[in-house]
Amino acid sequence: MFPGLFLASESQEVEHVDSARRKLGRAVLIKVAMAVLLAGTAITAGGAEAAALAPLNLAERGESVVPGQYLVVLKGKSGAAARARSMGIRVDREFSVTINAYAAKLTAGQLLAVRKDPDVAGVYADHVWKDLGEPMSLGPPTSSDAPDWSADRIDQRHLPLNGKYRFQATGAGVSAYVVGSGIRRTHLEFGDRVKEGFSTVADGRGTDDCTRNGTFAAALVGGLTRGAAKDVSLVPVRIRPCDSMPSDISFLAGIEFITEDHLAKGGPSVAVMTIGHANSDGHGPLNAALTTSMLRGVVWVTTAGDADFDLNACDVYPGSLGTLINVGGSTRDDHRASRSAKGGCVDLFAPGANQTSASSDADDEFVSHDRADYGAALVAGVAALHLERDPAAQQQTIKNRIIADATPGVLDDIGSGSPNLLLYSLTQFSSQWNFWVQDPDATLLSGDFDKDGDQDMALTGPDHWVTLPVAFSNGDGSFKVTNLPVNPAWIKRSADPNAKFAAGDFNMDGYADVVVTGGPNATRPLVALSNGDGTFTMSTFTLTGESQVWAPDQPNTKLVGTDLGRNGIGDLLLVGPNPPGVPGDTLVQAEAVPQAFRVATKEADVSWPELASDPDAQVVSGDFNGDGDMDLALAGGEDWDIVAIAFNNAQGGWDFHYWPPGHDFAGHAAEDNAHLVAGDFDGDRVDDLAVLGTDLASVPVALSNGDGSFQEVSDHRLKEIPVLAQDVNVKPLTGDFNNDGALDVLLTGGDGWYTVEVAFGKPGESGYTFTSEPIA
């Protein structure tokens, strides 16, 4: 799930109010649908006889109906259909799973007789659906089986496309009912996964597609090369004739079949419609049947509408009902598709323009369409991925998850009232890593724990942990997570409330390690030496030199891991108040030597210990003057208007400088959720400072001038990173996570996140490449 968005459980009542309508939760749905069901346009003759007639709903001006065809809705289960047959009425179809009703051809006299039946709640003319605009344009046929751009787009947060569709579920065990014109079951995209379906069209074709609509949509739901759910079972529900639109009764028959088949199979199901009706209200029986179908476990997805004119999604049925997942179409360059409906009745957008998918004309043929309807097919495929993992989840739960997971803010020209949300397919997979990061007692560290050149992550700290999790970078924004047990000595030391942690190569073997110090054994740091595979060997280091001044337990003391000697070996610094019994102002450092740390005190500026003792102060290490030595920066203290810098000089001491007031950077660093980070943000080989987690839409950066002063800028190149970093659970890191020499920015641990967000710097260029990869 994407950060910051609420995910409701199925037991919760979820309401979403927008400018167009009120979407109703499960409990309210039944009451509303039944109220609409019993409403209608009563056409009566007056008097006592009129009072006994069931309401009659006829076509409004401009609507077409199937001549003489009616839906007779009953007050309950009764013998009304049998009585109708006894009067010579031809009952074409009975409904009992989603609604109590029957469909029949009626003469004027039969219509009057039916309306007099006391078991009849209402009679409805069979409306023919109205198409929304000009037919779609078709591209030339092709035999290419290359993946379409649309599936490629939904597995990544940002452009550019990477030519891949990644997935960790396939929709196995889920039935996807494709409602429309049928499916060419023999197309190579489907293998043997097209199951027996249902057709209301009496033309001898059965469920075979003759308009390309159903086959095209089915391949986007679950095709081998085009689909979002590669193993889903596809069930054709043909309600659309070859040369016209469906009618209400044909759609109702489809709903009835889908629900009955779903109940018979007993597994999870999703139904998708890529055709809509230019009628915002629909009809009571359809609303009631859809509501019952959803309450019985079928997840429904529909197009928000496609037209060659400006179209409000609230004027398109069935999406206007408000409970289905209503999907608008987007383009390859992240604009709303020109033909897509818009407005407050849209739930989210998905790729739906100029797509290439399976054709119904030949088994190996593909065709491109420009209709915006087919984003609904991709959403249905993603719903199948959710249902594979959570087969009992119902409509509102899946809808909430898909909306919560969607990528916010990347679309242009969405239209007034439309949500700026784009379908994202990967976040339904739970991430233990991000839950671990959110533990308030966890410490997030970075280093190259497998010696492959890519910076990795490690977590340690909470007193209930018996493992030391590591996330090894694959260099492409994805990580391999290990979570292996550690020695009981580490567990005990980590659980101490005064424990402090740092990472570095402390035994000079090229692998980053983790050290813990503090507590009763503070003078004997315990080092977890990495074996490169997620396991660690424990080694107790001794302290030599001025070991008596090593006091990590002092209040507000911060432990910093860095490299003081330009030799790739991890060293330690204590930044905070002066050690007890030490005269003057000092900075305590511990240089790694074989199986030990050599402790020494260094003279500090008179202001440094006081500033470092501020509980809100943050300290980071970096080369802020480009001389190859690692320096220190302090910022973020309460009411600070300065930034303090300690330069590590060639004589083994420290030179202190202060960036004076007159800038906003110090104030940003002091904000409640601010995270101070260091790195070379402008590519000049001198490290700079930045603040993540502010309320700004850009990143405040202080570009180092190399002398303790900085140039303040706002970095807009990081796109969504500053907004994502506002999540109070996020922990950021900077470093080189793909070993290309450029600075990268990483975010992990956001509320409900299933991914790690990385902005990869471009070597020798300005800007970043963004990834949003799932993490286990």
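What follows is a short conversation between a student and a tutor about this structure.

Student: What kind of model is this, and how are residues numbered?

Tutor: This is a predicted model, in which local features need pLDDT of at least 70 and side-chain atom pairs count only at pLDDT 80 or more, while totals for chains, interfaces and linings use all residues. Side-chain values use heavy atoms, with hydrogens and water left out, and residues are numbered from 1 along each chain as its sequence is written.

Student: How many helices and strands does the chain have?

Tutor: Helices (H or I, at least four residues) and strands (E, at least two) are DSSP runs, numbered from the N terminus. The C-alpha atoms of the chain fill a box of roughly 110 × 55 × 50 Å along the principal axes. The secondary structure comes to 15 helices and 43 strands.

Student: What share of the residues is buried?

Tutor: A residue is buried under 20% relative accessible area, exposed over 50% and partly exposed in between, using a 1.4 Å probe and protein chains only. The chain has 776 residues, and the buried share is 61%.

Student: How far apart are the C-alpha centres of domain 1 and domain 3?

Tutor: The domain bounds come from an automatic or database domain assignment. They give domain 1 (56–128), domain 2 (167–422) and domain 3 (486–612). Between the C-alpha centres of domain 1 and domain 3 the distance is 83 Å.

Student: Which feature does UniProt place at residues 86–130?

Tutor: Over residues 86–130 the chain is 22% helix and 44% strand, with its end C-alpha atoms 35 Å apart. UniProt positions are given in the numbering used here, feature names are shortened, and annotations may be inferred rather than shown by experiment. The UniProt record, an unreviewed entry, gives this feature as "domain: Inhibitor I9".

Student: Which residue forms a salt bridge with Asp119?

Tutor: A salt bridge here is a side-chain nitrogen of Lys or Arg within 4 Å of a carboxyl oxygen of Asp or Glu, and the count comes to 21. In the bridge of Asp119, the closest N and O atoms are 2.6 Å apart. Asp119 lies in the loop between helix H4 (108–116) and strand E7 (120–128) and its partner in helix H3 (residues 80–86), so the pair ties together parts that are 36 residues apart in sequence. That partner is Arg83.

Student: Is Asp310, which pairs with Lys342, buried or exposed?

Tutor: The side chains of Asp310 and Lys342 meet in a salt bridge at 2.8 Å, N to O. Asp310 sits in the loop between strand E12 (298–303) and strand E13 (325–330), and Lys342 in the loop between E13 and strand E14 (348–351), 32 residues apart. With a relative accessible area of 61%, Asp310 is exposed.

Student: Which residue does Glu591 meet in a salt bridge?

Tutor: Glu591 is partly exposed at 30% relative accessibility. Its partner is also partly exposed, at 40%. The two side chains meet at 3.3 Å, N to O, and the partner is Arg598.

Student: Are helices H7 and H8 roughly parallel or roughly antiparallel?

Tutor: Axes are lines fitted to C-alpha atoms, for helices over the stretch in contact, and angles run from 0 to 180 degrees between N-to-C directions. The axes of H7 (residues 248–265) and H8 (residues 284–295) come within 10 Å and cross at roughly 15°. Angles under 35 degrees count as roughly parallel, over 145 as roughly antiparallel, 65 to 115 as roughly perpendicular and the rest as oblique. H7 and H8 are therefore roughly parallel.
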